[in-house]
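Q: I would like to learn how to read an interface and a helix in a model of two protein chains. Where do we start?

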Amino acid sequence: MSIIVNNIQKGFNGTEILKGISFEFEPGKTNLIIGQSGSGKSVLTKCIVGLYEVDKGEVIYGGENFSAMNKAERKHIRTQIGMLFQGSALFDSYSVEQNVMFPLIMFSDMSKEEMIDRVNFCLKRVQLENKNHLFPSEISGGMQKRVAIARAIALNPKYLFCDEPNSGLDPKTSIVIDNLIHDLTKEYNMTTVVITHDMNSVMEIGENIMYIHKGENWWTGDKHSIVTTENKEIGDFVYASEFMKQLRGKLS
Amino acid sequence: MNLFEHIGRFILMIAAAFKKPEKWRVLGKNFIHEVHSIGISSLSIVALLSLFMGAVMVIQTASNIDSVLIPAYTVGFATRQSMILEFSSTMICLILAGKVGSNIASEIGTMRLTEQIDALEVMGVNSINHLVLPKILASLFIFPFIVLISMGLGLIGGGLIGTQAGIITLEKYIMGLQYYFDPFSITYSLFKTLFFAFFIATIPSYFGYYVNPSGGALEVGRSGTKSVVASSMVILLINLIITYFLLL
Ligand SMILES: Nc1ncnc2c1ncn2[C@@H]1O[C@H](COP(=O)(O)OP(=O)(O)OP(=O)(O)O)[C@@H](O)[C@H]1O
Ligand SMILES: [Mg+2]
C-alpha cells in the first residue's frame, strides 16, 4: 500500500523548513528521499511517521488519513511501520535478542517459543546468527544496523523507513545493507522509504526518487533519469564528487 | 521556557505516565528492574551514611551537654529524634536525589539523544508511560524501606560509637531511644518520604525526557545537574510544608 504525502508544510519557531511537499511512495519499491544536508529530509520523514505534527497538509497510509487521526487511532498504523534510525537506536540495556523481541512482546500475542522463533528468523534474515545474547555495545556498527533492521521487520511491517542506513559504514558494508533493504522490500512487498545522500545507494536501489531542495520537492525520477537530467541542482548533487565527475567525462 | 511552562509540561508528563500500560507484564518486569537500580543498588551508600550520621549525632549531643542536670539518656533521645524526623528521610532523600536523579536523567536523556525514544514512539509505544511509570512506582515502593533501614542503622551507629567511646552505657542509650517515643514520628517521616520519592523519580525523568537532542552529550550532562538542583529544592520545600502542617 502506498504512502501519499500531500502539500506538507512544517516550520520551527517561524522558520519554514518544509514548503509544501507532495509525493507518492510506491508499494514494493525502495523510494528514496535525497538532498543536501539541511534540506529537510529528516524533518519530512519525522512528519510522515508522526514524530512531528505537520503544520499543513496530510499524510495518507493506504488510503487512511494518518494526519487526521489521534494517538489511539494511529496505533494500528504504527504497528505496521518499521523504522531504522540513523544511529540504529537499539535499546542499549537490552541484548540483541531482546531488542528484536521487544515489538513482539509489546504488540503480538505470541507465546515465548513463537517469539524466539520469529526473532531467530529475523536475525537469520539479516545474516546475524548466534549473536542473540550480545549487547549493542559489543557488536560493530554494521551489525547494529542489521539488528535494527531485524527489529524493524519483526512485526512484518507494511511500511519501512530507513534514515541514512549507510551513515558510518564502509562502502562495502553499505552496499550489503542497501541490498538487504532492497531485497526485503521485494520479499514482503513493503513500501520502503530510504533517506540518503549517498550516490552509491542512489545508483544501487533508487527506484522512485524525490530530490528535496530547501524544503521543496525539486525533482522526481529514478536512478536512470537522475544521471541524465539537465536540472542544475541535481547535477551539482550527483556530480559532487571527483569520482562522479570523471565518470561523467568517460560516459559522454 | 519559564517556570510555569515547565510545570505545565511536567504535569502533562505525569498524566501521560499514568496511562494504562501496553502490557502489564512488561510493566511488572520494568518495575522489578527499577526497584533494583533505584533502591537495592543504593543500599550500601545509605547504610554507610546512616551509621556515620547516627555516630556523629551521638558525639555532637554528648559534647554539647556537660551539665549534670541533663540526664545521660538524652543522648539516645536526641539521636532518635533527629534520625527519625529529619536525617533518615530528608537527608537520605537529598543524597539519593543526587545519586538516583543524575542516573535517571542521563539514562532517559541518552535515550532521547540516540533516538531510542523516537524508536519507541514510532512503534506505537507510549514512551513516557513505558519509561517513567516503572520508576515512579519503584521509588514509591522502595524508598520507605530505605528510610526505615536508615533509621535502624543510624540508631545502631550511634549506639556503637556511644558505648565504644565510653560516652554512654547501652542501657542508658536504649532508655533514651524509648523515652517518650511517639510512633507518629515514623509515620510522619514515611509520609514525607513518599513525596520525596515521587519527585526523585519524576523530576530527573522530566529533564532527561525533554533534553534538547541537538545539544548532544553536554546537554544530557546539564539535564542531570538541573534535575539534581530542582529535585533538591522541591524536597526542601515539601519538607517545610509537610512539617509545618503536620507538626505545628
Ligand atoms: N526540532 C527542530 N527544531 C528546529 N529546527 C529544526 C529541528 N529539526 C530540524 N530543524 C532544522 O530543519 C532543517 C532541516 O533539517 P533536517 O534534519 O531535516 O536536514 P536533513 O536534510 O535531514 O540533513 P542531514 O542530511 O544533515 O541529516 C535544518 O535547518 C535544521 O536546523
Ligand atoms: Mg537527516
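A: Start with a definition: a polar contact is a pair of N or O atoms within 3.5 Å, where, within protein, one must be able to donate a hydrogen and the other to accept it. Note also that this is a predicted model.

Q: How many residue pairs are in polar contact across the interface of chain A and chain B?

A: The rule finds seven such pairs across the interface of chain A and chain B, with both residues at pLDDT 80 or more. On the side of chain A that touches chain B, the elements giving two or more residues are α1 (41–49), α2 (71–78), β6 (81–84) and α3 (96–107). Of these, α3(A) gives the most, with five residues. By residue class, that side of chain A divides into 14 nonpolar, four polar and seven charged.

Q: How many residues of each chain are in contact, and what area do chain A and chain B bury between them?

A: The size of an interface is often given as the accessible area lost when the parts come together. Here chain A and chain B bury about 1,900 Å², with 60% of it on carbon and sulfur atoms. In contact are 25 residues of chain A and 17 residues of chain B.

Q: What is the count of salt bridges between chain A and chain B?

A: Side chains of opposite charge can pair when their charged atoms come close. Between chain A and chain B the count is three, while over all chains it comes to 13. One salt bridge is formed by A:Lys46 and B:Asp118, at 3.8 Å from N to O. A:Lys46 lies in helix α1 of chain A and B:Asp118 in helix α5 (residues 116–123) of chain B, so this pair joins two chains. Another salt bridge links A:Lys75 with B:Glu22, whose closest N and O atoms are 3.0 Å apart.

Q: Which elements make up chain B, and what box do its C-alpha atoms fill?

A: Chain B has nine helices and zero strands. Along the principal axes, its C-alpha atoms fill a box of roughly 70 × 40 × 30 Å.

Q: What span should helix α6 of chain B have, and where does its kink lie?

A: Helix α6 of chain B (residues 127–164) has 38 residues, so at 1.5 Å a residue it should span 56 Å; its end C-alpha atoms are 53 Å apart, which agrees. A kink of about 30° lies at B:Ile142, shortly before the proline B:Pro144.

Q: What is found at the start of α6(B) and just after α6(B)?

A: At the start, a side-chain oxygen of B:Asn126 comes to within 3.2 Å of the backbone nitrogen of B:Ile128. Just after α6(B), B:Gly166 has a positive phi of about 70°.

Conventions: Residues are numbered from 1 along each chain as its sequence is written. Chains are lettered from A and ligands numbered from 1 in the order in which they are written. Side-chain values use heavy atoms; hydrogens and water are left out. Contact means heavy atoms within 4.5 Å. Buried area is the accessible area (1.4 Å probe) that two parts lose on being put together, summed over both. A salt bridge is a side-chain nitrogen of Lys or Arg within 4 Å of a carboxyl oxygen of Asp or Glu. Helices (H or I, at least four residues) and strands (E, at least two) are DSSP runs, numbered from the N terminus. Ala, Val, Leu, Ile, Met, Phe, Trp, Tyr, Cys and Pro count as nonpolar, Asp, Glu, Lys and Arg as charged, and the others, Gly among them, as polar. The expected span of a helix is 1.5 Å times one less than its number of residues. The bend at a residue is the angle between axes fitted to the seven residues ending there and the seven starting there.
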